[in-house]
Amino acid sequence: MLDRILIGDCIEQMKTLPDGSVDVIFADPPYNLQLSGDLRRPNDSVVNAVDDDWDQFESFEAYDKFTRAWLSEARRVLKPDGTLWTIGAYHNIFRVGTTLQDLGFWMLNDIIWNKTNPMPNFRGRRFTNAHETLIWCARSKSSRHYFNYDGMKSLNEGLQMRSDWTLPICSGGERLKIDGKKAHPTQKPEALLTRVIMSSTKPGDVILDPFFGSGTTGAVAKRLHRHWIGIEQDPAYAKIAKDRIRKVTPANDDEVTEAPSKRAEKRIPFGWVVERGLLNVGDVLTDATGRTAARVHADGSLIVSGGQGNHRGSIHQVGAAVQGAAACNGWTYWHFNSGAGPNQPIDVLRQRLRAQLN
């Protein structure tokens, strides 16, 4: 069942999947755009808008019924600690959000996808629709969901990843075309799915996309060594997706293996650093500026005396005391003389010892 496209109605196809069988769901459901008549540019040319039958619903009630049905099946096939992503615009995302909460999903984030190159507002009667909204939620309030915090921080040049993402729409060479026309009207950019998949899954996890379309989810999942299941009711779209994914070359193993979360890494007491001779008893540690100094005691504590007061305790306690702070990360506050170049934080020694133990 893995790494394949199931052709048919998404609700009926999800019923064939076992309970609790997927780690993450990414869903790009119909937006129910409620378009009436052609959308034209100022030069009277027709805009290639989404007017397919699959995006048409008789009423809001009909759309809500459809939403509840597919989300109910989605929740059933999710693992207890699984999460679901869904994307939409102002036409539908609030209705989808209400249903998610009614069914017991637990909201984690709403993500604003700011489009760097949105379609202009041709009629000039409202603001340009320059964003879409993603909702990320856990299967339940008690779910222990996975979040690649360190990976997202690294992707954002060392800063915490925010809930507003600035990314371009799918265009240029990435946009699939047949005879010069879009192969699928709502193809999502691979950059968006890369961020979704990297943030909430691990290599080997199973990702379900019940509205597979042109197969962006499958293409990115394959490249990043995740398993995928796609559901698509249109055989023509399914063929496009299948051909696309077949051409994807998976990344090398070392390019997609996440570093373990710092919270999950083995705890290393500072005393171990001293015991193993990475620092010697009596060595002097300083803060980054070199103005504050402490000596290493044989039991792994630090001692400060003199103008900075008299303090003795752990690297964290003494670091906080000399700063007059409530808390301190001693691993990054205290620095040692490495003998080559500027002083380095003692966290370097912790990582060296952790590597040895591993």
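In this predicted model, Asp19 is an exposed residue, because its relative accessible area is 57% and exposed means over 50%. Asp19 forms a salt bridge with Arg76, and the closest N and O atoms of the two are 2.5 Å apart. The bridge links distant parts of the chain, since Asp19 sits in the loop between α1 (10-14) and β2 (22-27), while Arg76 belongs to helix α2 (residues 60-77), 57 residues apart from Asp19. Arg76 has a relative accessible area of 23% and is therefore partly exposed. These two residues are not alone, for Asp19, Glu73 and Arg76 are linked in a network of salt bridges.

A search of the whole structure finds 16 salt bridges, and two others can be followed here in some detail. One of them joins the side chains of Lys79 and Asp23, with a distance of 3.1 Å from N to O. Because Lys79 lies in strand β3 (residues 78-88) and Asp23 in strand β2, the pair ties together parts that are 56 residues apart in sequence. How exposed or buried are the two partners, Lys79 and Asp23? Lys79 is partly exposed, with a relative accessible area of 31%, whereas Asp23, with a relative accessible area of 15%, is buried, because buried means under 20%.

The other example is the salt bridge between the side chains of Arg276 and Glu275, where N and O are 3.6 Å apart. Arg276 counts as partly exposed at 42% relative accessibility, while Glu275, at 62%, counts as exposed.

We can now return to helix α2, which carries Arg76, and look at how α2 packs against another helix. Two packed helices are described by the angle between their axes and by the distance between those axes. For α2 and helix α3 (residues 93-102), the angle is about 45° and the axes are 10 Å apart. The two helices are therefore oblique to each other, and α2 passes α3 in a right-handed crossing. Which residues of α2 and α3 meet? On the α2 side they are Phe60, Tyr63, Asp64, Thr67, Arg68 and Leu71, and on the α3 side they are Arg95, Val96, Thr99, Leu100 and Asp102.

Further along the chain, strand β12 offers a different topic, the pairing of strands. Along β12 (residues 293-296) the side chains alternate, so that Ala294 and Val296 point to one face and are buried, while Ala293 and Arg295 point to the other face and are not buried. Strand β12 pairs with strand β11 (residues 284-286) in the antiparallel sense, over three bridges, and within this pairing Thr286 stands opposite Ala293 of β12. The strands β11 and β12 form a hairpin with six residues between them, in which Gly290 takes a positive phi near 85°.

Strand β12 is also joined by two bridges to strand β13 (residues 302-304), and these strands run antiparallel. Here Arg295 has Ile303 in β13 as its bridge partner. Between β12 and β13 there is again a hairpin, with five residues between the strands, and Gly300 in the turn has a positive phi of about 90°. Strand β12 thus takes part in two pairings, one with β11 and one with β13.

Technical notes. Residues numbered from 1 in each chain as written. Predicted model: local features only at pLDDT ≥ 70, side-chain atom pairs only at ≥ 80, totals over all residues. Heavy atoms only, no water. Buried < 20%, exposed > 50% of the residue type's maximum accessible area, 1.4 Å probe, protein only. Helix = DSSP H or I, 4+ residues; strand = E, 2+ residues; numbered from the N terminus. Pairing = 2+ DSSP bridges. Salt bridge = Lys/Arg side-chain N within 4 Å of Asp/Glu carboxyl O. Axes fitted to C-alpha atoms, helices over the stretch in contact; angles between N-to-C directions. Parallel < 35°, antiparallel > 145°, perpendicular 65-115°, else oblique. Left-handed = near helix turned anticlockwise from the far one by under 90°. Contact = heavy atoms within 4.5 Å.
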